[in-house]
Amino acid sequence: MRPAYDDPRTTDQPITRARPPPRAARGRRLGEEPLTEHLVDPDVPRDLHAFIAGLPKAELHVHHVGSASPRIVSELAARHADSKVPTDPEALVDYFTFTDFAHFIDVYLSVVDLIRTPEDVRLLTYEVARDMARQQVRYAELTITPFSSTRRGIDEGAFMDAIEDARKAAEAEFGTVLRWCFDIPGEAGLESAEETARLATDDRLRPEGLVSFGLGGPEIGVARPQFKPYFDRAIAAGLHSVPHAGETTGPQTVWDALIDLRAERIGHGTSSAQDPKLLAHLAERRIPLEVCPTSNIATRAVRTLDEHPIKEFVRAGVPVTINSDDPPMFGTDLNNEYAVAARLLGLDERGLADLAKNGVEASFLDAPGKARIADEIDTYTAAWLAS
Ligand SMILES: O=C(O)c1cccc(C(=O)CC[C@H]2O[C@@H](n3cnc4c(=O)[nH]cnc43)[C@H](O)[C@@H]2O)c1
Ligand SMILES: [Zn+2]
């Protein structure tokens with residue numbers, strides 16, 4: 001599968017706050033919101049793309065290393081010339097074309113291998129926040145896998161300092177609030193679970209921005225229940241539980257995540273659609289799914305976007321949030337995921353605003369923080385519809 005994109009991003013593009021453009025500007029290129037210009041879905045009216053580009057948003061499911069843009073990847077690949085990762089952004093398009101989920105993880109880990117120093121960590125985190133701010137992302141819970149970095153020799157304290165330094169700089173300079181989810185790379189075994197739980201719960205190390213605890217990587221052969229003791233520790237330390245489940249395996253994995261890992265949100269949860277009782281449970285308990293449509297196609301978890309079960313989730317009353325997962329690797333970004341959702345669900349501006357508010361509501365922000373972004377979404381939408 002070939003994600004069709006080129007990357008027009010540069011570091012010097014300005015970041016502007018959401019303001020509906022004048023009606024005359026709609027339907028043509030919006031110079032200051034260029035991120036989705038290369039991703040315009042012809043089945044979604046250009047007006048709606050422009051609305052999405054300015055809509056304030058929260059992102060709840062997006063990976064740290066998986067958010068490295070071609071510009072960041074090529075900069076890191078040039079710094080570490082022994083890597084097999086291409087330095088040419090054009091060649092990265094081929095490199096980020098996956099045959100299946102296992103291939104995706106192989107490629108993902110080759111990019112992880114490029115993050116070798118605390119300065120690499122800081123650069124990546126800060127630049128990811130810049131890309132988010134350009135898409136009017138006000139708040140993001142970024143999934144970080146500290147085990148992958150510490151086992152590659154980055155000092156744990158220096159790692160925490162690097163992400164925190166970038167978080168504070170990003171909030172001050174871009175206005176985007178970042179929070180962390182530390183995830184266990186499940187396939188790396190219980191050693192990785194122990195290390196992730198330690199890094200997440202040790203008061204001397206635990207970063208201020210940490211809000212949740214996750215579980216990522218392949219699901220096949222990586223049963224969720226074995227991670228229960230580590231989630232119990234994280235939850236006891238005040239962290240929220242947000243494992244991936246039902247991305248590449250069936251609905252039983254989602255049940256396991258709910259029962260054993262006490263999941264408060266489910267990463268993907270795609271196969272929940274195969275189990276009506278599970279859908280009813282998610283709807284009744286108001287457990288949100290972190291839906292990432294393009295990711296599911298890129299990793300071949302779902303065959304085509306038209307077969308994506310997002311509609312069934314909405315029909316069943318399950319809270320749905322829209323996310324980008326590993327955006328440059330999947331040739332997408334959050335704005336494009338909203339456009340995909342608009343097409344699959346037949347949403348207009350009000351529907352998109354509600355979807356954005358779902359993301360805010362399902363976040364681990366405090367009540368005033370949620371109210372602030374929700375108000376901003378309402379104000380933006382009202383101004384757009386009135387103009
Ligand atoms: O770091 C290692 O040494 C290592 C050794 C063995 C296995 C692993 C992993 O499985 C790392 C998986 C890695 O993938 C991240 N990720 C990004 N996108 C997704 C996704 O859509 N579904 C599941 N995992 C994803 C995850 O956060 C882990 O960091 C590592
Ligand atoms: Zn993910």
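Five strands build an open sheet in this predicted model. Their order is 1-2-3-4-5, and the pairing is parallel. Strand 1 and strand 5 (240-241) are the edge strands, so called because each pairs on one side only. Helices lie across parts of the sheet, as listed below.

**Inside the sheet**
- Strand 3 (residues 177-185) and strand 4 (residues 210-216) run parallel and are joined by six bridges.
- Ile184 stands opposite Leu215 in strand 4.

**Helices across the strands**
- Helix 8 (residues 190-201) lies across strand 3 and strand 4. Helix 8 runs at about 150° to strand 3.
- Helix 14 (residues 334-345) lies across strand 1 and strand 2 (137-144). Its angle to strand 1 is about 105°.

**Helix 1 against helix 16**
- The axes of helix 1 (residues 46-54) and helix 16 (residues 367-386) come within 11 Å and cross at roughly 150°.
- Angles over 145 degrees count as roughly antiparallel, so helix 1 and helix 16 are roughly antiparallel to each other.
- The crossing of helix 1 with helix 16 is right-handed.
- Helix 1 makes the contact with Asp47, Ala50, Phe51 and Gly54. Helix 16 brings Tyr380, Thr381 and Trp384.
- By class, this contact has four nonpolar, two polar and one charged residues.

**Ser67 in its loop**
- Ser67 sits in the loop between strand 1 (57-63) and helix 2 (70-79).
- Buried means under 20% relative accessible area. Ser67 has 6% relative accessibility, so Ser67 counts as buried.
- Leaving aside residues up to four places away in sequence, Ser67 touches Val62, Val128, Leu142, Pro327 and Pro328.

Note on methods. Residues numbered from 1 in each chain as written. Chains lettered and ligands numbered in written order. Predicted model: local features only at pLDDT ≥ 70, side-chain atom pairs only at ≥ 80, totals over all residues. Heavy atoms only, no water. Helix = DSSP H or I, 4+ residues; strand = E, 2+ residues; numbered from the N terminus. Buried < 20%, exposed > 50% of the residue type's maximum accessible area, 1.4 Å probe, protein only. Contact = heavy atoms within 4.5 Å. Axes fitted to C-alpha atoms, helices over the stretch in contact; angles between N-to-C directions. Parallel < 35°, antiparallel > 145°, perpendicular 65-115°, else oblique. Left-handed = near helix turned anticlockwise from the far one by under 90°. Nonpolar A, V, L, I, M, F, W, Y, C, P; charged D, E, K, R; others polar. Pairing = 2+ DSSP bridges.
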